[in-house]
Amino acid sequence: MRIIVEDLHFTYPGDVHALDGVNFTVESGEAVAIIGENGAGKTTLAKHLNGLLTPSQGRVLIGDWDTADVSVARMAARVGYIFQNPDDQLFERTVMREVAFGPANIGLEGERLQARCRRALKQVGLLDAADMHPYDLHASERKLVAIAAALAMETPIVILDEPTTGQDLAGLELMGALVESLLGEGRTVLAISHDLDFCAAHFSRVMVMADARILADDRPEVIFQQKQLLTRAGVDAPQLVRLAQALGMDNVPLTVPAFVSAWLEEYHDHHTG
Amino acid sequence: MIELRGVTYCYPGASAPALEDVSVHIIRGKVYGIVGANKAGKSTLCYALTGFIPHFFHGKLDGQLWLAGRDVRIQSLASLAGLTGLVFQNPFNQISGARFSVREEIAFGLENLGVPTREMHSRVEQALITTGLRELADRSPYQLSGGQQQRLAIASMLVMQPDALVLDEPTSQLDPIGTRDVFDVLHRLAEERDTAVVIATHKLEWLATCADEVLLLHQGQVLHKGPPREVLSRRDAAELGVRSTSYTLAARALSEQVKELRSPLPVTLEQALDALR
C-alpha cells in the first residue's frame, strides 16, 4: 500500500510550525528510517500517517484513502502506530485485553481474535504475561505490549516511534528481528529513531529531518557519509561509519560483518600481503 | 558522598529483592555508570542513591544508606533536596505541571528553596543554555517534543546544583548530538564543580568516554565494577543484557582472525582507532 505525502504543512496551536512543506512517496514493503534532532517534526509527521493529525495544508494518502476524510478508527486497519511512550496508549486491565482491543474493534472475535493476539504477543516474547496488568510490567515491556497491540491489527503499514529507546540487548535484538519479519511479510515499516546503528542495520532508506522539513532522503550508505548534513540535523553517523571514516577507509560499512570484511580487505591484507 | 552498605531492598508485594547485598561508594568529582539488562535493578539503585528508597518507595529495606555523612533512613526527603537530585527516566514524571513556561519550570525548585532572584535568574539562564533550550524558554512544557521534555527534566536538576546528581536514562529520547552534549555537561560538572554524577544508561559509547567507574548490575547485584573499558568490553556482557558498542563487536569479530588485537577490547571510537589503525 502506497503512502503519498504532498506539500504537507502543520501548525500546532500557539503558532508552532511543526511541518513546513513535506513531500515523499513510500512504496509497499519499503523500510524507511526517519532521523533528525529533537523537535524536528518527526513524531508530528508520523501522526499524520495514521490520521491522528490532519494537515493544515497539503494532503496525506494511505492507499486510496485521504487521511483528512477517514476516521482515526478506520485508519487503524491500514496503519499501526506505536507511540514513543507506551503509557500514551495503554489503558486496559490485562495485557491480552490491551492487545485484543484493536482487532475486536474491527470485528474479530472468538478463536480468530485469540489466535491473532497470541501470535502478536509471541512475536514480542510476552505470551507468558498475557494475564498480567500492563502497569505491573517494566516500562520496556510495556513498550512491547504497545507493539503487540499494533501487530495484532496486521496492518500493511507499521510505524515505530523510537523502538529501541530504553531497550536492553535482548530488546534491541527483538526489535531488529521484528522489523525484518514484518519486511519479510511484505509490510511497510517506518521507524523514527535516534539509534543510528539500528537504522543502518535494518533500513534501506533514510529520511533526514530538520526544522520541519526533509533535508535528504536516500540510501543509508549515501546519507551516513554526509557529515555536514548529519551535523545540521543534530545527528551523527553510526559508530561503524565513524570508525571507518576515522581509519580512512573508503567503504561505508553498515553492519559488523560488513566492517570486518572491509577492514580485512583494505587494511590487514594490505599490511600482511 | 554516598555510601550503601549491604543494601537489600524489596518493593512492596514483590517476592524477590530488586537489590541484593549492594555496597557502593560514590565520591565527589567522579562520574559513575550503571549498566545492565532491564529489571537488573538500575532504577532501583538510582532511587536508593537519592533517598527515594526508603522515603518514597516503602517496602523492605536492609543495610545502611549514608549521604554526606547522614543516615538517610532518619532524614526527611526534603532535607536531602540540596544534597542530591534525581532525573527520572520518563521526563513527564518530572514536570511539575504548576508552571506555564520552560523558564518558570526550571526555576520552580529554586523558588521552593528561596534562592535570591538575581542568582535564580543567572542559574536558570545557564541551565537553558547548557541544555539547548534557550529558544524554547517561553514555551509551555507541554508543547515540547519528547526529547525536549527530557532536556527540561535535566535542566530542572542541573539548576539545583546538588552535590550528587543521579540520572536514570537521561538521554533515552535525545538525538545523538544532544546525547553527546549532555554527557559532556555531566563530565564537566564532575570536574569543575566536584559533583558526584551517577548515570544509568544503555548508551555505552558516551558513558565509556566520560565515566571513571562502571557498575554492571545483574539480578539486583553488582556483578562487576571497574574502569569502563574493562567492564564494558567483557565477553559475558551480552549474556548480562549489556548492549556493547559496535567498536567492541567489530574488534571481537576481528580478533578471531587478527592475533595482534588484545583485550581489553576497545569500547570507544578513540580506543578502536588505536587498536585497528
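## A tour of chains B and A

Start at α10(B): its buried residues are Gln271(B), Ala272(B) and Leu276(B). Now look down the axis of α10(B). The buried residues fall within an arc of 115 degrees, so they line one face of the helix. Keep in mind that this is a predicted model.

**Stop 2: the sheet of chain B**

Select β2, β1, β4 and β5 of chain B. These four strands form an open sheet, in the order β2-β1-β4-β5. The pairing is antiparallel. Which strands stand at the edges? They are β2 (19-26) and β5 (70-71) of chain B. Each has a single partner strand, so one side of each is left without a neighbour in the sheet.

Next, show residues 2-10 and 60-67 of chain B. These are strands β1 and β4. Seven bridges join the two, which run antiparallel. For one pair to label, pick Glu3(B): its bridge partner in β4(B) is Trp66(B).

**Stop 3: where chain B touches chain A**

Show both chains. The contact takes 38 residues from chain B and 38 residues from chain A. On the chain B side, colour four helices: α5 (146-158), α6 (176-193), α9 (246-255) and α10 (269-276). These are the elements that give two or more residues to that side. The helix α10(B) from the start of the tour is one of them. Which element gives the largest share? It is α9(B), with six residues.

Now colour the chain B side by residue type. It divides into 16 nonpolar, 16 polar and six charged residues.

**Stop 4: the two domains of chain A**

Hide chain B and turn to chain A. Select 3-236 for domain 1 and 238-273 for domain 2, following the domain assignment. How far apart do their C-alpha centres lie? The answer is 32 Å.

Zoom in on where these domains of chain A touch. Domain 1 gives nine residues to the contact, and domain 2 gives seven. On the domain 1 side, select α7 (196-202) and α8 (220-223) of chain A. Each supplies at least two residues of the side that touches domain 2. The largest share, four residues, comes from α7(A).

Finish by colouring this domain 1 side of chain A by residue type. Its residues divide into five nonpolar, one polar and three charged.

How values were computed
Residues are numbered from 1 along each chain as its sequence is written. Chains are lettered from A and ligands numbered from 1 in the order in which they are written. This is a predicted model: local features need pLDDT of at least 70, side-chain atom pairs count only at pLDDT 80 or more; totals for chains, interfaces and linings use all residues. Two residues are in contact if their C-beta atoms, placed from the backbone, lie within 7 Å. Ala, Val, Leu, Ile, Met, Phe, Trp, Tyr, Cys and Pro count as nonpolar, Asp, Glu, Lys and Arg as charged, and the others, Gly among them, as polar. A residue is buried if 20 or more other C-beta atoms lie within 10 Å of its own, exposed if 12 or fewer, and partly exposed in between; C-beta atoms are placed from the backbone. The arc is that of the directions from the helix axis to the C-beta atoms. Two strands pair if DSSP finds at least two bridges between them. Domain bounds come from an automatic or database domain assignment.
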